[in-house]
Amino acid sequence: MSSHFQSSNLNSLPTPDVQILTSNGLRIPAHTGILASVSPVMENIIDRPHKHHSSEIIIPIPGVPCEAVSAFIQFLYSSRCSEEELEKYGIHLLALSHVYLIPQLKHKCSKAVGQRLAIENVVDVLQLARLCDSPDLYLKCMKMMANSFKAVEKTEGWKFMQENDPFLELEILQFIEEAESRKKRTKRHREEQRLYMELSEAMDCLEHICTEGCTTVGPCDLEPREKRDPCNKFSICEGLQLLIKHFAECKNRVNGKCSRCKRMWQLLRLHSSICDRTDSCRVPLCRQFKLKMQLEKKGGDTLWRLLVKKVASARAMSSLSLPKRKREEQRETIHDHGIRNFRL
Ligand SMILES: [Zn+2]
Ligand SMILES: [Zn+2]
Ligand SMILES: [Zn+2]
């Protein structure tokens with residue numbers, strides 16, 4: 001008969017005193033002691049007063065294939081369930097484990113059903129996960145629907161659910177909408193982080209150009225870098241050097257009509273905002289901006305302060321993960337460096 005008797009030691013078990021009746025009339029003999037010890041629900045059924053005291057107790061488990069019932073009873077005896085059974089009867093076993101309060105089996109089934117989730121059955125499985133109070137499986141179904149909604153919408157399961165359970169439809173649509181906006185938020189956050197990282201790198205390059213000099217721009221008292229080792233962030237340095245050159249020569253710089261000059265101005269201001277060197281800094285206008293900020297005190301522009309904070313933290317992050325550009329160990333102390341002190 002059923003396999004649990006083959007696997008358990010028959011001799012050590014007393015005579016079966018309960019029969020499990022399946023939907024097709026199959027009777028599986030079992031032991032009240034074992035059933036009651038693993039399932040509090042079974043225990044309740046067994047303890048209930050029965051009409052015929054002398055006769056065996058019969059527990060009907062209708063509504064699921066008899067093979068699923070057999071696998072279920074086998075699990076109650078052995079705490080084991082084959083992959084094949086999970087594959088064939090996973091959803092039935094999930095329902096049974098929920099009804100008879102068998103958490104280990106429920107966990108196994110949720111996992112197994114989740115692994116075999118497909119567009120065709122996702123709506124049905126979602127409904128089952130809701131009924132059986134299985135949050136992991138529920139979330140997995142919702143995510144699959146959010147990711148492949150176009151395909152899910154075409155399934156029979158979806159159409160049936162739409163006609164019969166408008167509240168569930170609403171619940172799913174709400175989840176999808178929230179998932180979309182979550183995705184957008186993450187994307188925006190990533191883009192912002194990239195911007196702060198770029199600005200932080202630009203700050204490193206600006207200091208390097210103004211202190212050590214790069215290929216075409218550098219302090220007057222230093223040789224051009226062309227004759228030395230190439231710099232490792234040249235893609236950024238190149239653009240920055242062009243911008244500095246433009247800034248030094250542009251006729252429209254002062255009246256604020258030139259967008260490139262405005263950009264350079266912002267970069268210099270940003271440098272000054274995050275620069276912690278006092279007199280030794282060789283970046284143009286660093287001190288002037290600092291003085292100006294001191295005069296403005298803490299007032300000023302909240303957005304600007306936020307930007308400074310973000311770039312400073314991006315910079316701290318990158319200094320943790322990347323080796324710092326080699327800098328000359330000794331920095332000369334030179335007072336103010338205007339743009340004219342540069343070799344352009
Ligand atoms: Zn460089
Ligand atoms: Zn300009
Ligand atoms: Zn500075």
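## Confidence in the model

Across this predicted model, the pLDDT averages 85, and 85% of the residues score at least 70. Two stretches deserve some caution. Over residues 1-8 the pLDDT falls below 50, and this stretch has 14 contacts in the model beyond near neighbours in sequence. The pLDDT is also below 50 over residues 322-338, a stretch with 17 such contacts. Where pLDDT is low, the predicted coordinates should not be read in detail.

## The overall fold

Let's step back to the whole chain. The protein's secondary structure comes to 15 helices and five strands. Of its 344 residues, 28% are buried. If you take the contacts between residues at least 6 apart in sequence, 61% of them join residues at least 24 apart.

## A closer look at helix α12

Helix α12 runs over residues 234-249. With 16 residues at 1.5 Å a residue, α12 should span 22 Å, and its end C-alpha atoms are indeed 22 Å apart, so expectation and model agree.

Which residues of α12 are buried? They are Cys237, Leu240, Gln241, Ile244 and Phe247. These residues cover an arc of only 125° around the axis, which means that they sit on the same side of α12. The spacing fits a simple rule: an α-helix has 3.6 residues a turn, so residues three or four places apart point the same way.

What covers this buried side? The cover over the buried residues of α12 includes α11 (166-211) and α13 (259-274). On the other side of α12, you will find Ser235, Gly239 and Glu249 exposed.

Note on methods:
Residues are numbered from 1 along each chain as its sequence is written. Chains are lettered from A and ligands numbered from 1 in the order in which they are written. This is a predicted model: local features need pLDDT of at least 70, side-chain atom pairs count only at pLDDT 80 or more; totals for chains, interfaces and linings use all residues. Helices (H or I, at least four residues) and strands (E, at least two) are DSSP runs, numbered from the N terminus. The expected span of a helix is 1.5 Å times one less than its number of residues. A residue is buried if 20 or more other C-beta atoms lie within 10 Å of its own, exposed if 12 or fewer, and partly exposed in between; C-beta atoms are placed from the backbone. The arc is that of the directions from the helix axis to the C-beta atoms. Two residues are in contact if their C-beta atoms, placed from the backbone, lie within 7 Å. pLDDT is the predictor's confidence in each residue, from 0 to 100.
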